[in-house]
Amino acid sequence: MTTQREQTALFLKKASADEKVLETLLRAKNTAPEMLGFLCQQAAEKYLKAVLTHFEITFPRTHNLRFLADLLTDHNHPLPNECLEIDSWTPYGTVYRYDDVPDDLQFYSLAAHGRLKALQKWAVELITGTA
């Protein structure tokens, strides 16, 4: 059975791996924006779940970033201001994985990467107590 500490570490490790793939694809040409959005969503989900696990906050199986963020806020761990828009990534981990992306949808990958880095910093600081 996995301990709370081990599960938290695993979420952080998996989020970091998603982020490394994202960084590789950001340097590549012609990467589909929905793939970048998917990796942002996946990494963000794991960072949020790492914090939830660390603080022993129970959560259901979900890919909904707003739900996870609200759960953290309800337990006095609100996201930093620069991360408040990450809930817009939820469809990349759900709907856009299987359906076409709307033609008018814009995904600003560099801005998203910056928000993801801020989320990673926030999560690690909360978990390590260096916030």
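The legends below describe close-up views of a predicted model.

**View 1. Surroundings of Phe11 in helix H1.**
Phe11 is part of helix H1, which covers residues 4-27. With a relative accessible area of 15%, Phe11 is buried, because buried means under 20%. Leaving aside residues up to four places away in sequence, Phe11 is in contact with Lys46, Lys49, Ala50, Thr53 and Phe59. Glu85 is 74 residues from Phe11 in sequence, and the two C-alpha atoms are 21 Å apart in space.

**View 2. Surroundings of Asp18 in helix H1.**
Asp18 is also placed in helix H1. The relative accessible area of Asp18 is 14%, and the residue is buried. Beyond residues up to four places away in sequence, Asp18 touches Leu39, Gln42, Ala43 and Lys46. Lys46 is listed among the contacts of Phe11 and among those of Asp18.

**View 3. Salt bridge between Glu45 and Lys49.**
The structure holds 8 salt bridges. In one of them, the side chains of Glu45 and Lys49 meet with an N to O distance of 2.8 Å. Both residues lie in helix H2, residues 33-54. They are 4 residues apart, about one turn of the helix. Glu45 is buried at 6% relative accessibility, and Lys49 is buried at 9%. Lys49 also touches Phe11 of View 1.

**View 4. Surroundings of Leu79 in the loop between helices H3 and H4.**
Leu79 sits in the loop that runs between helix H3 (65-74) and helix H4 (90-93). Although placed in a loop, Leu79 counts as buried, at 7% relative accessibility. Not counting residues up to four places away in sequence, the contacts of Leu79 are Leu48, Ala69, Thr73, Leu84, Ile86, Leu119 and Trp122. Ala118 lies 39 residues from Leu79 along the chain, with a C-alpha separation of 9.6 Å.

**View 5. Salt bridge between Glu85 and Arg115.**
The closest N and O atoms of Glu85 and Arg115 are 3.9 Å apart, and the two residues form a salt bridge. Glu85 belongs to the loop between H3 and H4 and Arg115 to helix H6, so the pair ties together parts that are 30 residues apart in sequence. Glu85 is exposed, with a relative accessible area of 53%, whereas Arg115 counts as buried at 18%.

**View 6. Salt bridge between Lys121 and Glu125, with a separate salt-bridge network.**
The side chains of Lys121 and Glu125 meet in a salt bridge, 2.9 Å from N to O. Both residues lie in helix H6, 4 residues apart, about one turn of the helix. Glu125 is partly exposed, with a relative accessible area of 23%. Glu19, Glu23 and Lys117 are joined into one network by salt bridges that share partners.

**View 7. Patch of negative charge on the surface.**
Asp99, Asp100, Asp103 and Asp104 gather in this surface patch. Asp104 is located in the loop between helix H5 (95-98) and helix H6 (109-128). At 66% relative accessibility, Asp104 counts as exposed.

Technical notes:
Residues numbered from 1 in each chain as written. Predicted model: local features only at pLDDT ≥ 70, side-chain atom pairs only at ≥ 80, totals over all residues. Heavy atoms only, no water. Helix = DSSP H or I, 4+ residues; strand = E, 2+ residues; numbered from the N terminus. Buried < 20%, exposed > 50% of the residue type's maximum accessible area, 1.4 Å probe, protein only. Contact = heavy atoms within 4.5 Å. Patch = residues over 30% accessible without salt bridge, like charges linked within 9 Å, V, L, I, M, F, W, Y side chains within 5 Å. Areas by Shrake-Rupley, 256 points an atom, 1.4 Å probe, with all protein chains shown as cover. Salt bridge = Lys/Arg side-chain N within 4 Å of Asp/Glu carboxyl O. Lys, Arg positive; Asp, Glu negative; His and termini not counted. Charge placed at Lys NZ, Arg CZ, Asp CG, Glu CD.
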